[in-house]
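What follows is a walk through one protein model, taking its open and enclosed spaces together with the parts around them. Please keep the sequence and the structure in view while reading.

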Amino acid sequence: NMKLILIALVSTLIISLSGAAHKDNLKGWISYQLKQNIVDLFIKDLVDRCEGIVVEENGRGVIEQVAIPPEHKKKFETGLRHRRVEFTITSVDVGGDINNERLNNDEATLMADLKTIEYSSDSAAPVRDVTTYFAKHNEINTWLTSVAANSNGLCSTQDIGTSYQRRSLRILKCSTNGKSSSKKIVFLDSAIHAREHLAPASLLYIIKTMVDGYKSGNSAAKNILNKYDFQFFPVVNPDGYDYTFSSNRNRFWRKTRQPYGRNYGADPNRNFANNFGGPSTSRNPSSDIYCGPRAFSEPETLAMSRYLTTLRSRLALYISFHTYGQLWLTPPGFTRRLPSDYNEIMRVAKAGASALRNVNGNNWRVGQPANVGLYEAAGGSYDWVREVLGIKYSYTLELGRKWPAGMNGFLATPQEIA
């Protein structure tokens, strides 16, 4: 029985993974939330001397979240107290937290496999339903192609370029009018930041809900697709995204994977040609907020910008999905200054946040990043869409848990997708 064989194989894999003791698994590592107001090179050096990982810098380049191996706990905390840096321990086993996420995802993947076998016809190659777990980039692209092939002409795919490591940048387009459509477009993207797995998973769930709803005659799906065309770009940064699946140590990787000397990657959401190199960016290639040597230095952001420019006359709404925070971020993100149309963009954002609250009961904060507890940040995609392409309604959504949640804010379970 194929189902029993699969269960046995995956169960064996899960047991072997949970027992692994590789140094990259971060078993017993401690995560810290640091409270400091200035860039302190001593703290960066302390993290390095303790063989730790910097997980999060704030907009000013101040280190906020780190992970430290257990054998250096005393040394690290002594150093923090010496510098009078306040800290909170947010996890006493980072590797265990990541392993739990991976085990939950393995189980969800197994269930998707079993469902695929049960419902696939003998003549068709089975395609796993990637909306129920955190899938890798190639699986997502395969699924997008399958969605288009089985959409009765509603959807099509287009590869708009390739990443630095030659992965296809695939978009799913949904239109009731086909290629001749002149309707306004809603464009949704995700996984600009590699470690934010819940964002692309949520976007895939939206695709499935909308396409299946339209095919089954759901009035809400039909009404919105009769009014607008939708385009989805689930994985903007596929090289970085797949890299986060490679080991526990790489789970919190944020940037692309293009090499810069001894370092890798730029922050794609600091790489757009809008106030490039401004607030909350770094010129240091080792930084998580490295903006790159120039705007659109990353093939992923360059391809995306060129494609969006072709949609300029039809683009009605742009939303970039991120995690985490339960924040509906309004433009501009590079300043605290309120825009002239502040009331209108806030009206739409508050309506969206209210709709989300009606579904899951979560109270999302709405406003510009620096005005809702974050920071000014230049070179972001949604600012570029608004400032350069001239699209009024351009937003960033921070899904998942409330801010701050430490490193675990980037971890999620498949149950959170819906």
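How many nonpolar, polar and charged residues are in the lining of the second largest pocket? By class, that lining holds 15 nonpolar, nine polar and 13 charged residues. The model is a predicted one.

The second largest pocket has about 930 Å³ of space. Its lining consists of 37 residues, and K44, I53, V54, S286 and D288 are the closest to its centre. Two or more lining residues come from each of α2 (41-49), β2 (53-57) and β10 (263-264). Of the elements, α2 gives the most, with five residues.

The largest pocket has a volume of about 1,500 Å³. It is lined by 38 residues, and I206, F321, W328, L356 and L397 lie nearest its centre. By class, 28 residues of this lining are nonpolar, eight are polar and two are charged. Several elements each supply at least two lining residues, including α6 (198-215), β11 (315-325) and β14 (394-402). The greatest contribution to the lining is from α10, with seven residues; this helix covers residues 342-360.

From the pockets, the account turns to the nonpolar cores. In soluble globular proteins, nonpolar side chains tend to be buried together. Here the largest nonpolar core has 41 residues, and those with the most contacts inside it are C155, L172, C174, I207, F232, F321 and L397. Helix α6 gives the most to this core, with six residues. Two of the residues just named, F321 and L397, are also among those nearest the centre of the largest pocket. Another core, of 28 residues, lies apart from the largest one and includes I160, I185, F187 and L327.

C174 can be followed further. Leaving aside neighbours within four places in sequence, C174 is in contact with L154, C155, V211, L225, D229, F230 and F232. This residue belongs to strand β6, which covers residues 168-174. Five of the seven residues of β6 are buried, so the strand is largely enclosed by the rest of the structure.

Strand β6 pairs with two other strands. With β5 (residues 155-162), the pairing is antiparallel and runs over six bridges. One of the bridge partners here is R170 in β6, which is matched with D159. The hairpin of β5 and β6 has five residues between the strands, and R166 takes a positive phi near 70 degrees there. With β8 (residues 229-233), β6 is joined by three bridges, and these strands also run antiparallel. In β8, F230 is the bridge partner of C174, and F230 also appears in the list of contacts of C174.

The last spaces to visit are the cavities. Three cavities of 30 Å³ or more are counted. The largest cavity has a volume of about 360 Å³. Among the 24 residues that line it, R270, L329, L374, Y375 and E398 lie nearest its centre. Its lining divides into 10 nonpolar, seven polar and seven charged residues. At least two lining residues come from each of β11, α11 (381-387) and β14, and β11 gives the most, with three residues. Strands β11 and β14 also each supply at least two residues of the lining of the largest pocket.

How values were computed. Residues numbered from 1 in each chain as written. Predicted model: local features only at pLDDT ≥ 70, side-chain atom pairs only at ≥ 80, totals over all residues. Heavy atoms only, no water. 1 Å grid on protein atoms, 1.4 Å probe; cavity = no way out; pocket = protein on both sides within 12 Å on 5 of 7 lines; lining within 4 Å. Points joined across faces, edges and corners; volume = space filled by probe spheres on them. Helix = DSSP H or I, 4+ residues; strand = E, 2+ residues; numbered from the N terminus. Nonpolar A, V, L, I, M, F, W, Y, C, P; charged D, E, K, R; others polar. Core = buried A, V, L, I, M, F, W, Y, C linked by side-chain atoms within 4.5 Å. Buried < 20%, exposed > 50% of the residue type's maximum accessible area, 1.4 Å probe, protein only. Contact = heavy atoms within 4.5 Å. Pairing = 2+ DSSP bridges.
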